[in-house]
Amino acid sequence: EMSIRNEGKMRNKHKREEEETSYWLSYSDMMAALLLIFILIISFTILQSTSQYEEKQAELVQQQEVIKEQQEQLDKLIGIRKELIEALKEEFDGTDMSINVDEKTGSIALDSSILFDSGQAVLKQSGESLLKKFIPKYIGVLTNKQFKEYVSEIIIEGHTDSEGDYLYNLELSQKRALSVSSYCLNAKSAVLSESKIKGVRDMITANGKSFSNPVLDKDGKEDRNASRRVEFLFRLKDEDMINQMSDVLSE
């Protein structure tokens with residue numbers, strides 16, 4: 001009977017040991033599975049981070065290439081503007097027209113008193129004589145093969161002094177700008193050849209500015225004589241974009 005009891009105890013002990021072993025094996029398997037899942041998650045996260053890093057690096061390289069191209073384009077066009085301004089200065093140096101070329105913008109201002117009588121928009125004889133000498137030289141430089149492909153617009157602006165009503169001066173300045181541009185593009189005036197007129201007529205615009213952009217003296221007061229003028233300006237292709245690029249790249 002003691003032997004039977006001992007055998008029973010032994011069987012129960014073995015059974016518990018087997019159950020405990022089975023339990024620990026199941027627990028180990030579960031932990032191994034969880035560890036494997038954890039490793040897979042970490043690996044996926046690392047791969048995703050690496051992929052995102054590589055994508056960001058590629059984007060950064062692409063952005064740097066774009067900025068480099070924009071900087072090169074900006075430098076080229078700034079160089080073209082400088083060369084064009086120098087060409088205009090050389091063209092008018094030594095003439096009897098007393099033409100001053102703005103060194104920054106390349107704009108040229110013609111005295112309204114030579115072009116028009118006070119309050120009038122019809123060209124005087126002296127105005128026609130000046131334009132006949134000025135226009136061929138000015139247009140000749142801008143349409144030179146060295147610059148032609150870069151120039152998109154030739155702007156003729158009328159300006160008045162601040163005396164009188166703004167709207168009256170706006171109308172007067174517009175009429176004066178139109179009068180000058182019409183004289184330049186009219187084949188009858190013989191300022192330009194017909195072929196030259198056809199080449200530039202789509203480029204020329206006439207604007208009136210009233211007294212919105214007066215000329216100031218060194219004391220900050222308006223120089224009325226200088227304010228009454230007709231300005232010739234040129235615009236390069238993509239100039240607005242160039243100015244924005246210049247602002248961004250200088251920050």
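**Notes on the empty spaces and charged pairs in this model**

1. Let's start inside the protein. The search for enclosed spaces comes to 1 cavity of 30 Å³ or more. This is a predicted model, so please read every value below as computed from predicted atoms. The largest cavity holds about 30 Å³ of space.

2. Which residues line the largest cavity? They are Ile-135, Tyr-138, Ile-139, Ile-154, Ile-156, Cys-184, Ile-204 and Phe-232. Two elements, helix H3 (125–142) and strand S2 (151–159), each give two or more residues to this lining. The largest share, 3 residues, comes from H3. Sorted by class, the lining has 8 nonpolar residues, no polar ones and no charged ones.

3. Now for a space that is open to the outside. The largest pocket contains about 210 Å³ of space. Its lining is made of 14 residues, and the closest to the pocket centre are Ser-118, Gly-119, Leu-172, Arg-176 and Arg-228. Helix H2 (112–115) and helix H4 (166–185) are the elements that give two or more residues to this lining. H4 provides the largest share, with 4 residues.

4. What classes of residue make up the lining of the largest pocket? There are 3 nonpolar, 6 polar and 5 charged residues. Try setting this beside the cavity lining, where the count was 8 nonpolar, no polar and no charged residues. For both kinds of space, a general idea is handy to keep in mind: rolling a probe the size of a water molecule over the atoms shows where empty space is left.

5. Next, a look at the surface. Leu-35, Phe-38, Ile-39, Ile-42 and Ile-46 form a nonpolar patch there. Together these residues have about 470 Å² of accessible area. To find the patch in the viewer, begin with Leu-35, which lies in helix H1 (residues 2–92).

6. On to the charged pairs. Side chains of opposite charge can pair when their charged atoms come close. How many salt bridges does a search of the whole structure find? The search finds 10. A few of them are described in the points that follow.

7. Glu-103 and Lys-89 form a salt bridge, with their closest N and O atoms 3.4 Å apart. This pair links distant parts of the chain: Glu-103 sits in the loop between H1 and strand S1 (108–111), while Lys-89 is in helix H1, 14 residues apart. Is Glu-103 buried or exposed? Its relative accessible area is 62%, so Glu-103 is exposed, because exposed means over 50%. Lys-89 has a relative accessible area of 21% and is partly exposed. Both residues also belong to a network of salt bridges that links Glu-86, Lys-89 and Glu-103.

8. Asp-117 and Lys-124 meet through their side chains in another salt bridge, at 3.8 Å from N to O. Asp-117 counts as partly exposed, at 44% relative accessibility. Lys-124 also counts as partly exposed, at 22%; the value for Lys-124 is not under 20%, so the label "buried" does not apply.

9. One more pair to visit: Arg-224 forms a salt bridge with Glu-163, and the closest N and O atoms are 3.5 Å apart. Here too the pair links distant parts of the chain, with Arg-224 in helix H6 (residues 224–227) and Glu-163 in the loop between S2 and H4, 61 residues apart. Arg-224 is partly exposed, with a relative accessible area of 39%.

Conventions. Residues numbered from 1 in each chain as written. Predicted model: local features only at pLDDT ≥ 70, side-chain atom pairs only at ≥ 80, totals over all residues. Heavy atoms only, no water. Patch = residues over 30% accessible without salt bridge, like charges linked within 9 Å, V, L, I, M, F, W, Y side chains within 5 Å. Areas by Shrake-Rupley, 256 points an atom, 1.4 Å probe, with all protein chains shown as cover. Salt bridge = Lys/Arg side-chain N within 4 Å of Asp/Glu carboxyl O. 1 Å grid on protein atoms, 1.4 Å probe; cavity = no way out; pocket = protein on both sides within 12 Å on 5 of 7 lines; lining within 4 Å. Points joined across faces, edges and corners; volume = space filled by probe spheres on them. Nonpolar A, V, L, I, M, F, W, Y, C, P; charged D, E, K, R; others polar. Buried < 20%, exposed > 50% of the residue type's maximum accessible area, 1.4 Å probe, protein only.
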